[in-house]
Amino acid sequence: RGLSVLTSSTLTAAISIQISLFAMFRSAVFALALLASTSAFIIAPKAARSSSVLQLSAEAASRRSFVESVAATGAVFAVTSLPAFADGAPAAAPAAPAEKVKYGDFPVPDTWGIGGKDYYSDAARVVAHMEYATQMEKGTPNMDLIGKNMKKEMVDFVSFYRRFNNISGKQSFSTLYTAINVLAGHYTSYGTKFPVPEKRRKRLYQEYAEIQKNIRKQR
């Protein structure tokens, strides 16, 4: 009987030890699994960050290479675009200046002012004076004096004849009034010593031709 009791106690102790060992083994396995998953979680972002850094570095290197290639191409283009001159070779002659457009030979005004008695006579006189003043270039004798007289004559003409409704409504007066504003505006902006620019000059001579046609037709 004593042997049976001892054997039963030993068996019970052995089973308890096995159960304890199994529990410890299960805890160790769970801890290892948890540690493995944590390590993977920590390492994965690091790897992702490393991959992003490598990708950004590659993109920066690509952009730097592109900029360097563009700069090199521009330098080659600039060098190859320059004209080649042989040592001691004579330089090319400068291009001749564009020839001035000649609109006619206009007489130099010798009398200034309007009579105030006949509109068509006064309009024809003002237009003739404007034709000469418009074609003046730098170096024209008495350019400044002619410009000042021209400006005064235009102002006097408009101030006098625009008061009459039967005249201010005429086609010749309307076109002449526009041309006077253009030439007077040139004198106001640039003075009487500066020639009328070609673009403005061309426009004025077109208007002069229209005014003279209307004067001949008494319009």
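The legends below accompany an overall view and several close-ups of a predicted model.

**Figure 1. Overall view of the predicted model, an all-helical arrangement of six helices and zero strands.** Read from one end of the sequence to the other, the protein follows the pattern α-α-α-α-α-α. Of its 219 residues, 22% are buried, and the accessible surface comes to about 15700 Å², with carbon and sulfur atoms accounting for 63% of that area. Among contacts with a sequence separation of 6 or more, 72% are made between residues 24 or more positions apart. A search of the whole structure returns six salt bridges and one cavity of 30 Å³ or more, and the close-ups that follow take up the cavity and some of the salt bridges.

**Figure 2. Close-up of the largest cavity, which holds about 40 Å³ of space.** The lining is formed by Ala133, Thr134, Met136, Met143, His186, Tyr187, Thr192, Phe194, Pro195 and Val196. Helix 2 (119-135) and helix 5 (171-190) are the elements that give two or more residues to this lining. By residue class, the lining divides into seven nonpolar and three polar residues, with no charged residue taking part.

**Figure 3. Close-up of arginine 201, a residue of helix 6 (residues 198-216).** Arginine 201 has a relative accessible area of 3% and is therefore counted as buried, the cut-off for that class being under 20%. Leaving aside residues up to four places away in sequence, arginine 201 touches Tyr103, Thr134, Gln135, Met136, Glu137, Pro195 and Val196. Several of these neighbours, namely Thr134, Met136, Pro195 and Val196, also belong to the lining of the largest cavity.

**Figure 4. Close-up of the salt bridge between arginine 201 and glutamate 198, whose side chains meet at 3.9 Å, N to O.** The two residues are separated by about one helical turn, because they stand three residues apart in helix 6. The partners fall into separate accessibility classes: arginine 201 counts as buried at 3% relative accessibility, whereas glutamate 198, at 32%, counts as partly exposed. The pair also belongs to a wider arrangement, in which Glu137, Glu198 and Arg201 are linked in a network of salt bridges; Glu137 is, in addition, one of the residues that arginine 201 touches.

**Figure 5. Close-up of the salt bridge between glutamate 207 and arginine 203, with the closest N and O atoms 3.4 Å apart.** Both residues lie in helix 6, where a spacing of four residues places them about one turn of the helix apart. Here the acidic partner is the buried one, since glutamate 207 has a relative accessible area of 14%, while arginine 203 is partly exposed, with a relative accessible area of 40%.

**Figure 6. Close-up of the salt bridge between glutamate 210 and lysine 213, with the closest N and O atoms 3.5 Å apart.** This pair, too, lies in helix 6, its members being three residues apart, or about one turn of the helix. Glutamate 210 is partly exposed, with a relative accessible area of 31%, and lysine 213 is likewise partly exposed, its relative accessible area being 31%.

Conventions. Residues numbered from 1 in each chain as written. Predicted model: local features only at pLDDT ≥ 70, side-chain atom pairs only at ≥ 80, totals over all residues. Heavy atoms only, no water. Buried < 20%, exposed > 50% of the residue type's maximum accessible area, 1.4 Å probe, protein only. Contact = heavy atoms within 4.5 Å. Areas by Shrake-Rupley, 256 points an atom, 1.4 Å probe, with all protein chains shown as cover. 1 Å grid on protein atoms, 1.4 Å probe; cavity = no way out; pocket = protein on both sides within 12 Å on 5 of 7 lines; lining within 4 Å. Points joined across faces, edges and corners; volume = space filled by probe spheres on them. Nonpolar A, V, L, I, M, F, W, Y, C, P; charged D, E, K, R; others polar. Salt bridge = Lys/Arg side-chain N within 4 Å of Asp/Glu carboxyl O.
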